[in-house]
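Visitor: I should like to take a close look at a single part of this structure, and then to see how the surroundings are arranged. Would you guide me through it in one connected account?

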Amino acid sequence: MTPEIIDLLFPNVLPTPEEIEARYPARQLPEGAVVSRLAPSPTGYLHIGNFYQGFLAERLAHQNKGVFFLRVEDTDQKRRVDGAVQVVLKALAHYHVLPDEGAQEDGSDKGSYGPYTQSLRKDIYQAYAKELVKKGLAYPCFCTSEDLDLMRKVQEKQGLRTGYYGKYAKCRDLSDEEVLANLKAGKPWILRFKSNGDYDKRLVFEDLLKGKLSLPENNIDHVIIKGDGLPTYHFAHVVDDHLMKTTHVVRGEEWVPSVPLHLQLFALMGWTPPKYAHHALLQKLDNGKRRKISKRYDPEANIEYFAEHGYPQTAVLDYLQNLMNANFEEWRKTNPLAPTFDFPVNFSKISNTAGALFDFVKLHSICREVIANMTAEEVYNNTLTWAEKFNVPLADLMKANPDKVKAILNIERGIGTKSRKDLMKWEDVENEVSYFFTKPALDSENLKPLSMDEVRTLASEYANMYSVADDKDAWFGKIKELAVKFGFADNMKEYKANPDNYKGSVADVARILRVLMTGRTQSPDLFAIMQVMGVGEVKKRLTEI
RNA sequence: GUUCCUAUCAUCUAACGGUUAGGAUACAGCCCUCUCAAGGCUGGUAUACGGGUUCAAAUCCCGUUAGGAACACCA
């Protein structure tokens, strides 16, 4: 290409590659340090798959004396959404998956390998693109999208591979005169690189997760600079990860087919490529078929879903670790209370499968376990933090009655396996707590076999007997006494032996009392509930029916 | 259509040629018990199919089938 053409192509003053390289010196890190990144597109929310990938990348960096950074891939200006970076940062902060470098909430950068937002790096990509043109390794393409559609149709009709290659790469061999004429005529153009790949040859490379992979070489002249002057993903990836000194690119396996292109671009630029780790995709079962978790159909595709519903952070992280690492569960068993971050992530233990189904049932089971391992105080604090954002009435109630709520949360709370496991998420706390504060409505169906009048008599009788000073045995003794008085058997065996002699058993009496106290037929330990409720409230509920 | 990846209980997976194919979740039953939850005990369910190689195959090879992914001036 003549200097005239190059000036028309790149009219702006650009730094030289040498100048750019000088701004990105080698990182001073220990031997074996891992530099990895999360590179989301700012489209308004963080997909759980992106988070999953970022979490893995973060763990590898931080467990290997390295650096984890956040790069905003906003080269598609059409999809860009304001405030999206804040959304990503908020989600990462919520789980303590914290970048050492990268874009910040206020739009500034942290770290010296920036800018970390691709739209701000336009000159850098342009500078390298210009260099490629100078070397004859890239060329402007004037094909319109109609031209390309037509080309694709022709190829499909003939059963050929689609793409801009071989004789279909029409602009590849334009003469300087033709290029000049097109530019002077003001024809829009994009930049393609000249592929030297041979589709009939194999490219073999080692993926850290998938092992040895063999794919055809790339022979398509892919676009590297788009019509708006910004780079495509492929070119930006190569330039940025070279300059930012990324050692490990962790990403979803949907990128595997692009690896030949990426390695080719690294070679073209004369750079050492990073190591690649392509992980399996999170999937969802839909009418018996598996598919990617999608924003459109699955609310949980948005990582924010879990914060909104009050899933404990540890449970979400544990679940994702469990999906990624075959040996995580075993580790968790021996380290039940350790932070998830203490788990040593190991490439060789990361499952290489077709992709795991996202399983709420399993997540919920982990949630129960996590909350069961907390003290009432911790449950209280976590719930309050959640409620202040997502359930203000509950937060107000908690703040007005902190000791009582903690006492409620402490009912049947032991350590680990001894605890109740009703709670899966902070959202559930309201249901556990509400009936202590509002007198429940009664359903006569739940009070049978007694009539409302009989219930009143029984309740007022019990109100006279009840004493907070009773221990559990004394408490239950009184209920037995009451049962006998009203024609119920005082033990289950006796009742089962002679059901016709009784109205029911002591269990029925306990049920009726439970319903009077809580409005429900199922609840935690009734003795403890009454203790927490207090004599005044207990008697009130027994007498005001 | 082309290319790539994957194939073990319902789900997540373990078993780097030799195991009664293991665990977790889920499910069922029993025990415990004032209900439920929890806990304890017990149980059922899997190597997609067909060929090889080998004394020996879930494991290695080939084929079939199935699922997933990629084939943009989106990432």
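Guide: Let us begin with Lys-245. In this predicted model, Lys-245 is partly exposed, because 18 other C-beta atoms lie within 10 Å; a residue counts as buried at 20 or more and as exposed at 12 or fewer. Lys-245 sits in the loop between α8 (233–243) and β10 (248–252). Its backbone deserves attention as well: phi of Lys-245 is near 65°, a positive value in a residue other than glycine.

A second lysine may be set beside it. Lys-65 also has a positive phi, of about 55°, although it is not a glycine. The loop that holds Lys-65 runs between α3 and β2. Lys-65 is exposed, because it has 12 other C-beta atoms within 10 Å.

The loop of Lys-65 leads to a sheet. Four strands form this open sheet, in the order β1-β2-β3-β4, and their pairing is mixed. The edges are taken by β1 (35–38) and β4 (109–110), each with a single partner strand, so one side of each is left without a neighbour in the sheet. Helix α3 (residues 48–62) packs on the sheet and touches β1 and β2, and its direction makes about 160° with that of β1. Within the sheet, strand β2 (residues 67–70) and strand β3 (residues 101–103) run parallel and are joined by 2 bridges. Phe-69 stands opposite Glu-101 in β3.

After β4 comes a further backbone feature. Pro-115 is found in the loop between β4 and α5, and a cis peptide bond joins Gly-114 to Pro-115, with omega at about 0°.

Helix α5 belongs to the setting of another sheet. Here 3 strands form an open sheet in the order β5-β6-β9, with antiparallel pairing. Its edge strands are β5 (138–141) and β9 (223–225); each has a single partner strand, so one side of each is left without a neighbour in the sheet. On average, neighbouring strands of this sheet are turned by 45° against each other, direction ignored. Helix α5 (residues 122–134) packs on the sheet, where it touches β5, β6 and β9, and its direction makes about 100° with that of β5. Strand β6 (residues 190–193) pairs with β9 in the antiparallel sense over 2 bridges. One residue pair may be picked out: Leu-191 has Ile-225, in β9, as its bridge partner.

The strands β7 and β8 make a hairpin, in which 3 residues join one to the other. Strand β7 (residues 202–207) pairs with β8 in the antiparallel sense over 6 bridges. In this pairing, Leu-203 stands opposite Leu-215 in β8. Strand β8 (residues 211–216) is hardly covered, for 0 of its 6 residues are buried.

Strand β8 also brings us to the RNA. It is one of the elements that each supply at least two residues of the surface near RNA strand B; the others include α6 (145–157), β13 (289–292), α11 (313–324) and α13 (360–372). The element that gives the most to this surface is α21, with 5 residues. In total, 68 residues surround RNA strand B, and the closest are Glu-73, Gly-227, Tyr-233, Ala-354 and Ala-356. By class, the surface near RNA strand B has 24 nonpolar, 22 polar and 22 charged residues.

For the overall plan, the domain assignment of chain A gives domain 1 (3–12 + 122–279), domain 2 (288–372), domain 3 (376–435) and domain 4 (444–543). The C-alpha centres of domain 1 and domain 2 lie 37 Å apart.

Lastly, consider the loop between α17 (429–437) and α18 (452–465), where Asp-443 lies. Asp-443 counts as exposed because it has 12 C-beta neighbours inside 10 Å. Although Asp-443 and Gly-519 are 76 residues apart along the chain, their C-alpha atoms are separated by 7.7 Å. Pro-449 has its place in the loop between α17 and α18, and the peptide bond from Lys-448 to Pro-449 is cis, with omega near 15°.

Terms used:
Residues numbered from 1 in each chain as written. Chains lettered and ligands numbered in written order. Predicted model: local features only at pLDDT ≥ 70, side-chain atom pairs only at ≥ 80, totals over all residues. Pairing = 2+ DSSP bridges. Axes fitted to C-alpha atoms, helices over the stretch in contact; angles between N-to-C directions. Contact = placed C-beta atoms within 7 Å. Domains from an automatic or database assignment. Near = placed C-beta within 6 Å. Nonpolar A, V, L, I, M, F, W, Y, C, P; charged D, E, K, R; others polar.
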